[in-house]
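Good morning, and thank you for coming. I should like to take you through one structure, beginning with its overall architecture and ending with the surroundings of its ligand.

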Amino acid sequence: METIAAFLEGPFWYFSAAVFVVGVVGRLALALSLGSSKSLSVPRGSASAGAVRAVFSRFVPRRDFYRRIRLEVIAGYAFHVGLFVLLFFAAPHVEFYKEYILGFGWPTMPRWAFIVVSEIAFAGLIVLWLRRLLHPVSRKLSDAGDHIGSILIFFVMLTGCLALGEDHESLRLIHLFLAQLLLIYFPFSSLMHTFTFVFSRGYIGAGFAHHGVKA
Ligand code: HEM
């Protein structure tokens with residue numbers, strides 16, 4: 001067990017973190033270096049204002065659609081907000097950043113809140129994944145990569161929930177290993193939307209504003 005721990009906390013941690021950082025920065029740099037074709041039409045509004053507006057307005061679904069996508073919106077927020085909170089405010093995770101990355105920590109949420117948030121986020125993920133599998137249109141739009149991403153995060157969260165007792169070293173190591181696999185897979189997958197959603201929304205919003213489309 002000690003050898004496995006030393007491997008996961010040493011070379012494999014550096015490898016997975018390097019793949020994540022180089023992969024994410026590389027893909028973003030590549031996408032941004034492609035640029036966009038210059039629009040020849042007369043601007044009818046501020047592209048930058050449109051970009052910023054689109055980034056934020058898309059957090060709220062349009063009223064006309066909401067009734068039909070209520071489940072996805074609620075599960076989507078439960079999963080994404082929950083994941084953000086537990087990754088950045090749960091004591092064991094902050095402790096990890098302090099020890100392995102940043103050298104400093106910050107105040108964390110109480111343990112009961114960590115457990116509640118984790119279960120909410122996990123439930124959100126399960127609903128989203130089931131919908132992806134069962135809804136005929138979502139199923140057709142999903143490729144293997146989407147399912148691999150969902151399965152990986154499912155097992156990271158499952159092992160995280162099992163590790164909550166913090167009494168089995170093996171559970172901590174399995175959780176750590178799966179999180180590292182996720183880091184390695186991340187830059188090559190649609191999980192990149194964590195970063196790219198800002199650019200894609202901004203790009204579309206800027207185009208709309210330039211052409212005077214109210215959206
Ligand atoms: C339902 C969601 C999650 C829960 C309940 C959870 C729970 C935990 C717990 C209890 C620990 C401490 C284990 C111990 O010290 O024995 C831990 C550590 C850790 N978790 Fe999570 N986790 C969750 C999601 C995630 C996710 C999504 C990631 C990464 C993408 C992640 C990455 C880590 C890492 C890197 C550690 C440090 C392992 C170590 O100390 O060596 N966790 N988690």
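The protein has 10 helices and 0 strands. What you see is a predicted model. Read from the N terminus, the order of elements is α-α-α-α-α-α-α-α-α-α. Along the principal axes, the C-alpha atoms occupy a box of roughly 65 × 40 × 35 Å. The protein contains 215 residues, and 16% of them count as buried. As for contacts between residues at least 6 apart in sequence, 74% join residues at least 24 apart.

Let me start near the N terminus. Gly 10 sits in the loop between helix H1, residues 2-9, and helix H2. Is Gly 10 buried or exposed? Gly 10 counts as exposed, because it has 10 C-beta neighbours inside 10 Å, and the limit for exposure is 12 or fewer. Gly 10 and Tyr 100 are separated by 90 residues in sequence, while their C-alpha atoms are 9.9 Å apart in space.

Helix H2 itself comprises 23 residues, 11-33. At 1.5 Å a residue, H2 should span 33 Å, and the 32 Å between its end C-alpha atoms agrees with that. After H2 comes Gly 35, with a positive phi near 65°.

Helix H3, residues 47-57, has two sides to consider. Its buried residues are Gly 50, Ala 51 and Ala 54. These three cover an arc of only 100° around the axis, so they lie on the same side of H3. The buried residues of H3 pack against helix H10, residues 193-210. On the other side of H3, the exposed residues are Ser 48, Ala 49 and Phe 56.

I turn now to the interior. The largest nonpolar core has 20 residues, and those with the most contacts inside it are Phe 79, Leu 86, Ala 121, Leu 125 and Met 157. Helix H4 (63-89), H6, H8 and H9 each supply at least two residues of this core. Which helix gives the largest share of this core? That is H6, with 6 residues.

Two of these residues deserve a closer look. Phe 79 belongs to helix H4. Why does Phe 79 count as buried? There are 22 other C-beta atoms within 10 Å of Phe 79, and burial requires 20 or more, so the criterion is met. Apart from neighbours within four places in sequence, Phe 79 is in contact with Ala 121, Gly 124, Leu 125 and Leu 128. Phe 79 and Phe 122 lie 43 residues apart in sequence, with a C-alpha to C-alpha distance of 6.6 Å. Ala 121, for its part, touches Ala 78, Phe 79, Gly 82, Leu 83, Leu 86 and Met 157, when residues up to four places away in sequence are not counted.

Finally, the ligand. There are 19 residues around the ligand, of which Pro 92, Ser 118, Gly 160, Arg 172 and Ala 179 come nearest. By class, this shell consists of 13 nonpolar, 4 polar and 2 charged residues. Helices H5 (91-102), H6 (111-134), H8 (144-162) and H9 (169-185) each supply at least two residues of the shell. The largest share of the shell, 5 residues, comes from H9.

To close, H6, H8 and H9 each supply at least two residues to the largest nonpolar core, and at least two to the shell around the ligand. I should be glad to take questions.

Note on methods:
Residues numbered from 1 in each chain as written. Predicted model: local features only at pLDDT ≥ 70, side-chain atom pairs only at ≥ 80, totals over all residues. Helix = DSSP H or I, 4+ residues; strand = E, 2+ residues; numbered from the N terminus. Expected span 1.5 Å × (residues − 1). Near = placed C-beta within 6 Å. Nonpolar A, V, L, I, M, F, W, Y, C, P; charged D, E, K, R; others polar. Core = buried A, V, L, I, M, F, W, Y, C linked by C-beta atoms within 7 Å. Contact = placed C-beta atoms within 7 Å. Arc of directions from axis to C-beta.
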